[in-house]
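Here's a quick walk through a two-chain model, meant to be read with the viewer open. Let's start from one residue and work outwards.

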Amino acid sequence: MNEYVLKTNHLSKKYKSTMALDKVNISIKKGAIYGFIGQNGAGKSTLIRLVCGLARPTAGSLELFGDTSERALIQTRKRIGTIIEGPALYPNMTAAENLEAHRLLKGIPGKECIEKTLMLVGLQNTGKKKAKNFSLGMKQRLGIAIALLGDPEFLILDEPINGLDPMGVVEIRSLLRKLNEEHDITILISSHILSELHLLATHYGIIHNGKLIEQLSLKELNEKCQQYLHIKVNDPNKAATVLESHFKTTNFEVMPNGSIKMFDPINPPGEVSQTLVQQGLVIEELMLMGEDLETYFSHRIGGVQHG
Amino acid sequence: MGNLLKSEWFKLKNDQSFRVLAILLTTVALLFPLLEFDGNQPGLPTIRGYYLNTVLSVHTDIIKLIPSILAGFFITSEYSLGTMKSIVSSGNSRIRVYFAKLIMFSVGAVILSLILPLIMTGASAIYFGFNEMPSLTFYLQTVSLIAFYGAGFASIMMIFATIFTDSGKTIGFLLLLFLLVDWPLQVLAAKVPFFEPVIHNSVFRLVYDITNASQLNTSEWVTMTLVPLLTFLGSGLIGSILFYKKEIK
């Protein structure tokens, strides 16, 4: 059985003189919620468009559920549900009619799935209200409902929480988590709301200027974003001995520049500073540091931009 | 292909522009014959004369212009709404997507093209007391040819509706094209002898011969029926190649 739902191999897309996607190697494991992060124009939508068959790559290849040939990929796309650059709705149709048009398109037998899907996204009571009169949040939920028709194994959602109110964001988050955990649906989600992505994704890909600059799991990200106590003293070796003997911990790291990163969060900074001073050490710097996804992303992008 | 056709038929049935155009044409078809009851007229026309001189006199404009509006709303709007993205990524080949859309758009164009010949003739027959009906053969011949040419023109419209991604541009361009195309084609046929037989045997020229259906010989009938069919297939092929290569935005 194929472990990966999506894999790309040096996937590139060039528009005239602009390299929209440059030799991207992305891999999404079955069962993952893959957060795709990048600034506007970084190449997120270009990659999604290539995966969905809306554009053709200039070079490289992509593998969807193990299939690589163009003919096989067309068939394999029946196994995915998509929202690409906003929900695709017929404004003069009701929610149920929109789903019916897509049900017929996908060849799904029976109309029962329409009511079931509307209930899943909380749009069962919209009646004869046309999609053009829906709020932005309702349109997003209808877009997700369309993507969910036919029980896809892989959901590709480009900015699915744009325009949602806080309650709507929470609802969509819990819906996506439920789909992932209970229905084993793999999800690729791109969003600018990184704090929200951090609450949902199990894996991350950071793209910048068409290049995939990092791919990491939630565990790896948490390790990189872990809070730590930054300590700089006049004698780092003595400080390390003090920390080990007094706080019974080895969960710290002496950096090449002589500073110490202490990862044990149970020791309050005040207690650490008091102990070090009592042992005759001179504290030059002591502060609690750490990154969230947003700052980590900014540093990675900044590093690339200025590197 | 069956799924795609069902989906396109569902969308056509629910398309607001199609409904509005159909209702407008039906209203015109029902009300226009009543103008013959104007007191200044010497008497009521015969149905045969009314069909030939009034109903068929506007059929070329109906075939060419009214479906142009439908093309903008039914086809091009799929790009501007973003729904074409979900159609293309739904696991159907682009060639099938194109032909399913072309077939249903042609059905819509034919329905609109036949409203006047069917309803206006029926209404006038009732209003004028079934006075001298056109021969059934002539009536069926003209109605069939209108349907054929409606589909032929629809396939040409579909190419431009695929090239443009904005409904307004499609409608504007198609209306201008079909209003003005006869004149440059005539000039081209006169100036370049190579094009003369092509243009004279194209849908643009032959559509005007529908009213002469009763006077056509066998070879002219073959030309009259084959040309729209070949136009449909040729334009469908060109359009599907363009659609196959098109980047959906």
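Which residues does A:Phe134 touch, not counting residues up to four places away in sequence? The contacts are A:Lys129, A:Lys139 and A:Leu142. Bear in mind that this is a predicted model.

As for where to look, A:Phe134 sits in the loop that links helix H4 (112–120) to helix H5 (136–148) of chain A. Buried or exposed, then, for A:Phe134? A:Phe134 is buried, because 20 other C-beta atoms lie within 10 Å of its own, and the cut-off for buried is 20 or more. If you want a distance to check in the viewer, try A:Ser27: it is 107 residues from A:Phe134 along the chain, and their C-alpha atoms are separated by 36 Å.

**Chain A as a whole**

Zooming out, chain A carries 11 helices and 14 strands. Its C-alpha trace spans about 75 × 45 × 35 Å along the principal axes. Of its 307 residues, 39% count as buried. Counting contacts in chain A with a separation of 6 or more, 69% come from residues 24 or more positions apart.

The chain splits into domain 1 (4–215) and domain 2 (226–290). Taken over C-alpha atoms, the centres of domain 1 of chain A and domain 2 of chain A are 45 Å from each other.

**The four-stranded sheet**

Now for a sheet in chain A: 4 strands make up an open, antiparallel sheet, in the order S12-S13-S11-S14. Strand S12 (252–254) and strand S14 (283–289) of chain A are at the edges with a single partner strand each, so one side of each has no neighbour in the sheet. From one strand to the next, the twist averages 15 degrees.

Going in closer, S12(A) pairs with strand S13 (residues 260–262) of chain A in the antiparallel sense, over 3 bridges. Across that pairing, A:Glu253 stands opposite A:Lys261 in S13(A).

Two helices lie across strands of this sheet. Helix H9 (residues 236–247) of chain A lies across strand S11 (228–233), S12 and S13 of chain A, and runs at about 15 degrees to S13(A). Helix H10 (residues 269–278) of chain A lies across S11, S13 and S14 of chain A, with an angle of about 160 degrees to S14(A).

**Chain B and the contact**

Over to the other chain. The UniProt record (an unreviewed entry) places the feature "transmembrane region" at residues 18–35, 62–81, 102–130, 142–164, 171–189 and 221–244 of chain B. Two of these spans compare like this:

| Span of chain B | Helix | Strand | End C-alpha atoms apart |
|---|---|---|---|
| residues 102–130 | 93% | 0% | 38 Å |
| residues 142–164 | 96% | 0% | 33 Å |

How many residues does each chain put into the contact? Chain B gives 21 residues and chain A gives 25 residues. On the side of chain B that touches chain A, the elements that give two or more residues are helix H1 (2–13) and helix H5 (83–88) of chain B. H1(B) supplies the largest share of that side, 6 residues. By type, the residues of the side of chain B that touches chain A come out as 6 nonpolar, 11 polar and 4 charged.

Conventions
Residues numbered from 1 in each chain as written. Chains lettered and ligands numbered in written order. Predicted model: local features only at pLDDT ≥ 70, side-chain atom pairs only at ≥ 80, totals over all residues. UniProt positions renumbered as here; feature names shortened; annotations may be inferred. Domains from an automatic or database assignment. Pairing = 2+ DSSP bridges. Axes fitted to C-alpha atoms, helices over the stretch in contact; angles between N-to-C directions. Contact = placed C-beta atoms within 7 Å. Nonpolar A, V, L, I, M, F, W, Y, C, P; charged D, E, K, R; others polar. Buried ≥ 20, exposed ≤ 12 C-beta atoms within 10 Å, placed from the backbone.
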